[in-house]
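Biologist: Could you walk me through this protein, one piece at a time? I would like to see how each answer is reached.

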Amino acid sequence: MKMSSIILFEDIFLVDKVDPDGKKFDKVSRIEARSQNCDMYMLLDVNVEIYPMRVGDKFALALAHTLNLDGTPDSGYYTQGGRKSLADKFEYIMHGKLYKISDEGSGKTLKAEIYVSYGGLLMMLKGDPSYITHFELDQKLFLLMRKL
């Protein structure tokens, strides 16, 4: 199975702001970032105790429906072992559920947004609707990050 059928979205992001509305939790920061290739805007809550993020950090981000390299659905359980997975290529991974898809504007200014909750840590990804067409409501998603 090709990697492109596992990964639903991927790009390189640059952190513009950390906690733009002030720090609300000890171990979590909300980052504001923009992607290099797709011109997507993202708000993302990150556990900075285990994965510190700073303004100016550049990272690769991927959204995938499974970590299995053969594309088979994920069982939802982590099994330690010698099996290779998509997770091997990343440093920070969260699993969550897409709970809202919406549009803003019209015509050439139309922007689509997806909202995902990773156990209460939230992500909003906004931009060209063509990058968001293959996402579905209530879809389970893995967020994978690696600093560059």
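Biologist: Which residue in the turn of the hairpin formed by strand 2 and strand 3 has a positive phi?

Modeller: Keep in mind that this is a predicted model. Strand 2 and strand 3 make a hairpin, and five residues sit between them. In that turn, a positive phi of about 50 degrees belongs to Asp39.

Biologist: How many bridges join strand 2 to strand 3?

Modeller: Strands of a sheet pair through backbone hydrogen bonds, either parallel or antiparallel. Here strand 2 and strand 3 run antiparallel. One bridge pair is Arg34 with Tyr41 in strand 3. The number of bridges joining strand 2 to strand 3 is seven.

Biologist: And strand 1, which residue of strand 2 is the bridge partner of its Lys17?

Modeller: Strand 1 covers residues 7–18 and runs antiparallel to strand 2. Five bridges join these two strands. The partner of Lys17 in strand 2 is Glu32.

Biologist: Is strand 2 largely enclosed or not, and how many of its residues are buried?

Modeller: A residue counts as buried when its relative accessible area is under 20%. Strand 2 has eight residues, and it is largely enclosed by the rest of the structure because most of them meet that test: the buried ones number six.

Biologist: In what order do the strands close into a barrel?

Modeller: Eight strands take part, with antiparallel pairing. From one strand to the next, the twist averages 35 degrees. As one example of the pairing, strand 3 (residues 41–47) and strand 7 (residues 121–127) are antiparallel over four bridges, with Leu43 opposite Met124 in strand 7. The order around the barrel is 1-2-3-7-6-5-8-4.

Biologist: Now the second largest pocket: which strand gives the most to its lining?

Modeller: This pocket has a volume of about 200 Å³. Its lining residues include Asp19, Phe25, Val28, Arg30 and Leu121, and the full lining divides into four nonpolar, three polar and five charged residues. With three residues, the strand that gives the most is strand 2.

Biologist: One last spot: is Thr66 buried or exposed?

Modeller: Thr66 lies in the loop between strand 4 (58–64) and strand 5 (92–104). Its side chain reaches the backbone nitrogen of Asn68 at 3.1 Å and the backbone oxygen of Thr72 at 2.7 Å. Because its relative accessibility is 0%, Thr66 counts as buried.

Definitions and conventions:
Residues are numbered from 1 along each chain as its sequence is written. This is a predicted model: local features need pLDDT of at least 70, side-chain atom pairs count only at pLDDT 80 or more; totals for chains, interfaces and linings use all residues. Side-chain values use heavy atoms; hydrogens and water are left out. On a 1 Å grid over the protein atoms alone, a cavity is a set of points where a 1.4 Å probe fits but cannot get out, and a pocket is an open set with protein on both sides within 12 Å along at least five of seven lines; lining residues have an atom within 4 Å of a point. Grid points are joined across faces, edges and corners, and a volume is the space filled by probe spheres set on the points. Ala, Val, Leu, Ile, Met, Phe, Trp, Tyr, Cys and Pro count as nonpolar, Asp, Glu, Lys and Arg as charged, and the others, Gly among them, as polar. Two strands pair if DSSP finds at least two bridges between them. Axes are lines fitted to C-alpha atoms, for helices over the stretch in contact, and angles run from 0 to 180 degrees between N-to-C directions. Buried means under 20% relative accessible area, exposed over 50%, partly exposed in between (1.4 Å probe, protein chains only). A polar contact is a pair of N or O atoms within 3.5 Å; within protein, one must be able to donate a hydrogen and the other to accept it, and residues adjacent in sequence count only if both atoms are side-chain atoms.
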